[in-house]
Amino acid sequence: MLELYTDRLRLRTVISSDWNSFLYMHSDEQLNEFVRKPQPESDIRQKFERALEHREFVEGEWLLTIIEDAHTQDFVGFIGLQNSDVEMGQMQVGYMLHPDAQGQGFACESLQAIVDWACLSYTPHKFIAYCIEQNIASAKVLEKCGFVREGLLRENCKIGDQWFDDCLYGLLAAQRC
């Protein structure tokens, strides 16, 4: 089981008792405004069961971790790391915080922790992240953590019936904060 600690947070592997938080985070329409239309509970359950499986962190796989308050164990959100391209040394990051935890620096703190862990455990060359252009808060998190906006992918993300432009961010492992 993976466990990472910061001054305020614990990042850990998903366990079966995380179901209610997982369901809420994947089904709340406002929380998923910049991610996806909420899916049926059966689809969310399949994602959860996949997250519970402890697999090798091979190319294409996502490692999803729960972010919780290190002192109270209150649920804060999720942060994921995808081993997206082994040959190119690229890893993709993504995160989502509970509304009660937003605006407190938890996203930056957990993002820096997972990036540092990945650099110590693997040899990535670069981290990448996508966020739709309207997601100003996520862009600020990425930039605060040293990610640089490298491009705009036009109509790259479809949420419901609407297409959105994705901003592509990158962080070279050698230049991480």
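Here is a walk through the salt bridges, strands and aromatic rings of this structure. Keep in mind that you're looking at a predicted model.

Let's start with the charged side chains. The structure holds 11 salt bridges in total, and a few are worth visiting one by one. Take Glu68 and Arg12 to begin with: their closest N and O atoms sit 3.3 Å apart. These two come from distant parts of the chain, with Glu68 in strand 3 (residues 62-69) and Arg12 in strand 2 (residues 9-13), 56 residues apart. You'll find both Glu68 and Arg12 buried.

Next, look for Arg50 and Glu61, whose side chains meet in a salt bridge at 3.2 Å, N to O. Arg50 belongs to helix 2 (residues 41-52), while Glu61 sits in the loop between helix 2 and strand 3, so this pair ties together parts that are 11 residues apart in sequence. Are the two partners buried or exposed? Arg50 is partly exposed, at a relative accessible area of 43%. Glu61, on the other hand, has a relative accessible area of 15%, and it counts as buried because the cut-off for that is under 20%.

A third stop is the salt bridge between Lys126 and Glu150, at 2.7 Å from N to O. Here again distant parts of the chain are linked: Lys126 is in strand 6 (residues 126-132) and Glu150 in strand 7 (residues 148-159), 24 residues apart. Lys126 is buried, with 15% relative accessibility, whereas Glu150 is partly exposed at 42%. Salt bridges can also share partners, and that is how Glu3, Arg10, Arg12, Asp18 and Glu68 end up joined into one network. Arg12 and Glu68, the pair we began with, are members of this network.

Lys126 has already brought us to strand 6, so let's stay there for a moment. Of the 7 residues in strand 6, 6 are buried, which means that the strand is largely enclosed by the rest of the structure. Which strands does strand 6 pair with? One is strand 5 (residues 90-97), which runs parallel to strand 6 and is joined to it by 3 bridges. Lys126 turns up here too, as the bridge partner of Gln90. Another is strand 8 (residues 162-172), which pairs with strand 6 in the antiparallel sense over 7 bridges. To find this pairing by eye, look for Tyr130, whose bridge partner in strand 8 is Leu168.

There's also a helix to bring into this picture. Strand 5, helix 3 (residues 106-121) and strand 6 together make a right-handed β-α-β unit. Try tracing the chain through those elements in that order.

Now for the aromatic rings. Searching the whole structure turns up 6 aromatic pairs. In one of them, Trp117 and Tyr122 have ring centres 5.7 Å apart and planes at 75 degrees, so this pair is edge-to-face. Trp117 is buried at 17% relative accessibility, while Tyr122 is partly exposed, with a relative accessible area of 29%.

Rings can gather in bigger groups as well: Trp19, Phe22, Phe48, Phe75 and Phe78 are linked into a cluster by ring pairs. One member of that cluster, Trp19, also has a charged neighbour, since Arg45 lies over the face of its ring, 3.9 Å from the ring centre.

Conventions. Residues are numbered from 1 along each chain as its sequence is written. This is a predicted model: local features need pLDDT of at least 70, side-chain atom pairs count only at pLDDT 80 or more; totals for chains, interfaces and linings use all residues. Side-chain values use heavy atoms; hydrogens and water are left out. A salt bridge is a side-chain nitrogen of Lys or Arg within 4 Å of a carboxyl oxygen of Asp or Glu. Helices (H or I, at least four residues) and strands (E, at least two) are DSSP runs, numbered from the N terminus. Buried means under 20% relative accessible area, exposed over 50%, partly exposed in between (1.4 Å probe, protein chains only). Two strands pair if DSSP finds at least two bridges between them. A crossover is right-handed if, with the strands pointing away from the viewer, the path from the first strand over the helix to the second runs clockwise. Rings of Phe, Tyr and Trp (its six-membered ring) pair if their centres lie within 6.5 Å; planes under 30 degrees apart count as stacked, over 60 as edge-to-face and the rest as tilted. A charge sits over a ring if NZ of Lys or CZ of Arg is within 6 Å of the ring centre and within 35 degrees of the ring normal.
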